Amino acid sequence: MIEVQINSINNLIDEIKKLKDMYGKQPIWFRGQENSNWHLEPSIFRGKLRQKENYVTNDFYIYVKQIENNTPNKDNYAAWMSLMQHYGLPTRILDWSSSPLVACYFALERNIDKENDACIWVLIPRRINVQEGFGEFVYPIDAYTVQQMLLPAFKNNVMLEDKFMNKIIACHSVEKDLRMYSQQSSFTVHNSPKKLEDICDDETLFKFVIPCESKEKLYESVNILGISTSFIYPDMEHISKDVIKKYTE
């Protein structure tokens, strides 16, 4: 896997231009992580809930149905999975963005890790889908193919076709949600415990490492370019936070 060090916004733009020259109009996705040592694996595979995924998703469904009027149909697994990811439940999906600035924000927003570098992962989604046998196409998350990939999260001992077993697929978000729209969200769905960095070749996945000493300067640049808390989370709570920050710093 190719790693590149990023020290400034100009540096980031130059590296993305190189990728654009290589891949033309193919989509390029970005994911920011505050610790460059973290793997590319969904939250449900990282902790104690891995063996209890069906219980987690079904409890969420039951409790949400009790308090919300407008909920997705029961078998709309894509919509339910998007809600779970949105509200912080451990899921089998990873968030990606079409915006490198959004990814940079997520890599640097908390900056609580003073000892480890941050990073931006860069994925060529069509290539991972070809590699995993889904063709050179990036599906919407509510497509039949992706719904089948999500099925094991909701049903125990489900019998899937071989082509959906132990796979990872890239897909687009389609939920009507302002936060997802602002963040230019897309996903990889992981029907497999494989780490993405372990299965991608040097033309599918890249890693932009942000050294500790460059974090603060780069985060300041991202804010100057308009990627603020209320841009990422467009609601009144986060508008308030940006207003307070504006007049207290």
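Does arginine 127 count as buried, partly exposed or exposed, and at what relative accessibility? In this predicted model, arginine 127 counts as partly exposed, at 27% relative accessibility. Its side chain meets that of aspartate 201 in a salt bridge, with an N to O distance of 3.1 Å. Arginine 127 belongs to helix H5 (residues 125–131) and aspartate 201 to the loop between helix H8 (196–199) and S8, so the pair ties together parts that are 74 residues apart in sequence. Aspartate 201 also counts as partly exposed, at 34% relative accessibility. Glu203 joins Arg127 and Asp201 in a network of salt bridges.

The whole structure holds six salt bridges. Another of them links arginine 92 to glutamate 53, the closest N and O atoms being 2.6 Å apart. Because arginine 92 lies in the loop between helix H3 (77–86) and strand S3 (93–97), and glutamate 53 in helix H2 (residues 53–67), this pair ties together parts that are 39 residues apart in sequence. Arginine 92 is buried, with a relative accessible area of 5%, and glutamate 53 counts as buried at 8%.

Strand S8 (residues 205–210) follows the loop that holds aspartate 201. Six of the six residues of S8 are buried. Leu205, Lys207 and Val209 point one way from the strand, while Phe206, Phe208 and Ile210 point the other way. S8 has strand partners of both senses. Strand S1 (residues 2–5) pairs with S8 in the parallel sense over four bridges, and valine 4 stands opposite phenylalanine 208. Strand S4 (residues 118–123) runs antiparallel to S8 and is joined to it by six bridges; leucine 123 has leucine 205 as its bridge partner.

Helix H1 covers residues 9–23, and its end C-alpha atoms are 21 Å apart, which agrees with the span expected for 15 residues at 1.5 Å a residue. Its buried residues are Ile9, Asn11, Leu12, Glu15, Ile16, Leu19 and Tyr23. Seen down the axis, the buried residues fall within an arc of 160°, so they line one face of the helix. Asn10, Lys17 and Asp21, on the other side, are exposed. Within H1, lysine 18 forms a salt bridge with glutamate 15, at 3.2 Å between the closest N and O atoms. The two are three residues apart in the helix and therefore separated by about one helical turn. Lysine 18 is partly exposed at 47%, whereas glutamate 15 counts as buried at 14%. After H1 comes glycine 24, with a positive phi near 60°.

On the surface, Ile239, Val243 and Tyr247 make a nonpolar patch of about 340 Å². Tyrosine 247 lies in helix H11 (residues 236–248) and counts as exposed, at 64% relative accessibility.

How values were computed. Residues numbered from 1 in each chain as written. Predicted model: local features only at pLDDT ≥ 70, side-chain atom pairs only at ≥ 80, totals over all residues. Heavy atoms only, no water. Expected span 1.5 Å × (residues − 1). Buried < 20%, exposed > 50% of the residue type's maximum accessible area, 1.4 Å probe, protein only. Arc of directions from axis to C-beta. Patch = residues over 30% accessible without salt bridge, like charges linked within 9 Å, V, L, I, M, F, W, Y side chains within 5 Å. Areas by Shrake-Rupley, 256 points an atom, 1.4 Å probe, with all protein chains shown as cover. Salt bridge = Lys/Arg side-chain N within 4 Å of Asp/Glu carboxyl O. Pairing = 2+ DSSP bridges.
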